[in-house]
Amino acid sequence: MKEVKQRMAASGSTLGKFWLWLDERIGLSDFAKLAKKKEVPLHRHTFWYYFGGMTLFLFMIQVATGILLLLYYRPSSSEAFESIQYLMTEVEFGWLVRSIHSWSANLMIFAMFIHLFSALLLKAYRRPREMTWLSGGGLLGLSLAFGFTGYLLPWNELAFFATRVGTEIPGVIPGIGPFVRRLLRGGDDVTGATLTRFYGIHVAILPAIVTVVLGLHLFLVQKHGMSRPPSVENTAKRAMPFFPNFLLRDLVGWLCALGVLAALAAYFPAELGRKADPFQPAPVGIKPEWYFMAMFQTLKLLPGRILGIEGELLGVVGFGLLGLVLVFMPFLVHGGSGRWSRFPAAFGIALIIYSIVLTYLGYTMSPTK
Ligand code: HEM
């Protein structure tokens, strides 16, 4: 690094001088040294390392397009729908920005699920990466909350009734249930107060928390480096420099994702539907976003009472427990060796199969069932 600095200074170029000026003030060469030292293990599962970066890229698209949407969006039940209608029809490229925000949200959650399950199956949560896993669990919850709160913002019929169903669900928990439902809705039903609340959560509270949790997640990834899965521990320890080799490969993936996003947004622009009318009956076949479909369909299929307990309550408690097992996996299996070594993979695969089957049923079964 000293060599680079000397060469740049000797060249006398403006860029060289600017580098030296910045380096003296903020220690740029320390960052460069860090980037040069960072390596990514090379083995037959290296491909999966690209999905964390892909999730990060799609998250950055969300931030950029979200800020642009904020310039036109109005968070009240009398103006929200109209402001989006205006954006879609009158504002130049407004439809494109909204469509990219909507498609990128879906792709980001999809990339995050791939990232989560690959980290689980490759046992990346083992010591010393327990906190990396836990912060990832936080990011999972925060991303789902982004999706749930964002869905209501256009204030259309589908979003309104889906939110009414979604915010009803925690109400079945004895004791705190009704309180949580009121807290989410800002009252007894979904109204303009819910919209204002969801807006505040979506554009201020969640971004603030995500900044901290994502910062911790990325710091820990830098601190510990990428893990080597146990299944390749006995193979030759090859590695690729992060800068520029891995980063350039990352960029190719991001460029492909941008192409897919642009095509999806152009050929299938986000729809708006009809404005929400709380006095109309709920339309048949209300559906949540695809990533909530498996849970939604399970609750729909559960019988009214199971062994004297309300079916929906058992469902909600069951999902809560599954979430806890997933998030606390590193502590449950103690490093993943011994009798429990196969549990995380079996749990992950069972969860993937269950989610695919129930999501499929959610989209194909008759809405009256
Ligand atoms: C907004 C969501 C997320 C973002 C932007 C993100 C970003 C990243 C990035 C850039 C990396 C390094 C590259 C890679 O391993 O792919 C990483 C590593 C990691 N992430 Fe995430 N992540 C997110 C969510 C999650 C979730 C939901 C989990 C699991 C609960 C998780 C667990 C991990 C673990 C354990 C590692 C270390 C992998 C290793 O050392 O092999 N992350 N994350």
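Visitor: Which residues coordinate the iron atom of the ligand?
Guide: This is a predicted model. In it the iron atom of the ligand has two coordinating residues named here, each through its NE2 atom, at 2.0 to 2.1 Å. The residues are His115 and His217.

Visitor: What is the geometry of the site of the iron atom of the ligand?
Guide: The site has six donor atoms, and the angles among them run from 85 to 179 degrees. Six donors count as octahedral if opposite donors are over 155 degrees apart and all others between 65 and 115. The site of the iron atom is therefore classed as octahedral.

Visitor: How many residues apart in sequence are the parts that His115 and His217 tie together?
Guide: His115 belongs to helix H6, while His217 belongs to helix H10. Because the two histidines sit in these two helices, the pair links parts of the sequence that are separated. The separation is 102 residues.

Visitor: Is His115 buried, partly exposed or exposed?
Guide: The relative accessible area of His115 is 27%. Buried means under 20% and exposed means over 50%, with partly exposed in between. His115 is therefore partly exposed.

Visitor: Is His217 buried or exposed?
Guide: His217 has a relative accessible area of 12%. The cut-off for a buried residue is under 20%. His217 is therefore buried.

Visitor: How many helices and strands does the protein have?
Guide: The protein has 369 residues, and 38% of these are buried. Its C-alpha atoms fill a box of roughly 75 × 60 × 35 Å along the principal axes. The secondary structure comes to 15 helices and four strands.

Visitor: Among contacts between residues at least 6 apart in sequence, what share join residues at least 24 apart?
Guide: The contacts considered here leave out pairs of residues that are under 6 apart in sequence. Of the contacts that remain in the protein, the share joining residues at least 24 apart is 76%.

Visitor: Which element gives the largest share of the lining of the largest pocket?
Guide: The largest pocket holds about 1900 Å³ of space. Its lining has 46 residues, with Leu144, Tyr291, Phe292, Met295 and Phe319 nearest the centre. Elements that give two or more residues to this lining include helix H6 (94-121), helix H7 (130-152), helix H12 (290-301) and helix H13 (311-327). The largest share, eight residues, comes from H7.

Visitor: How do the residues of the lining of the largest pocket divide into nonpolar, polar and charged?
Guide: The lining of the largest pocket is made of 46 residues. By class they divide into 35 nonpolar, nine polar and two charged.

Visitor: Which element gives the largest share of the lining of the second largest pocket?
Guide: The volume of the second largest pocket is about 1500 Å³. It is lined by 46 residues, and His101, Ser102, Gly150, Tyr151 and Glu289 lie nearest its centre. Helix H4 (50-70), H6, H7, H8, H10 and H12 each give two or more residues to this lining. The largest share, eight residues, comes from H6.

Visitor: How many nonpolar, polar and charged residues does the lining of the second largest pocket have?
Guide: The lining of the second largest pocket consists of 46 residues. Its classes come to 28 nonpolar, 12 polar and six charged.

Visitor: Which prolines follow a cis peptide bond?
Guide: Most peptide bonds are trans. A cis bond joins Arg127 to a proline in the loop between H6 and H7, with omega about 5 degrees. Another cis bond, also with omega about 5 degrees, joins Phe243 to a proline in helix H11. The two prolines are Pro128 and Pro244.

Visitor: What is phi of Lys123?
Guide: Most residues other than glycine have a negative phi. Lys123, in the loop between H6 and H7, is buried, with a relative accessible area of 16%. Its phi is positive, near 55 degrees.

Visitor: Is Leu307 buried or exposed?
Guide: Leu307 lies in the loop between strand E3 (305-306) and strand E4 (309-310). Although Leu307 is not a glycine, its phi is positive, about 50 degrees. The relative accessible area is 83%, and exposed means over 50%. Leu307 is therefore exposed.

Visitor: How far apart in space are Pro330 and Arg126, C-alpha to C-alpha?
Guide: Pro330 is in helix H14 and is buried, with a relative accessible area of 5%. In sequence, Pro330 and Arg126 are 204 residues apart. Their C-alpha to C-alpha distance in space is 6.0 Å.

Key. Residues are numbered from 1 along each chain as its sequence is written. This is a predicted model: local features need pLDDT of at least 70, side-chain atom pairs count only at pLDDT 80 or more; totals for chains, interfaces and linings use all residues. Side-chain values use heavy atoms; hydrogens and water are left out. On a 1 Å grid over the protein atoms alone, a cavity is a set of points where a 1.4 Å probe fits but cannot get out, and a pocket is an open set with protein on both sides within 12 Å along at least five of seven lines; lining residues have an atom within 4 Å of a point. Grid points are joined across faces, edges and corners, and a volume is the space filled by probe spheres set on the points. Ala, Val, Leu, Ile, Met, Phe, Trp, Tyr, Cys and Pro count as nonpolar, Asp, Glu, Lys and Arg as charged, and the others, Gly among them, as polar. Donors are N, O and S atoms within 2.8 Å of the metal (3.2 Å for Na, K and Ca); water is not among the atoms, so sites may look incomplete. Four donors count as tetrahedral if all angles lie between 85 and 135 degrees; four count as square planar and six as octahedral if opposite donors are over 155 degrees apart and all others between 65 and 115; anything else is irregular. Buried means under 20% relative accessible area, exposed over 50%, partly exposed in between (1.4 Å probe, protein chains only). Contact means heavy atoms within 4.5 Å.
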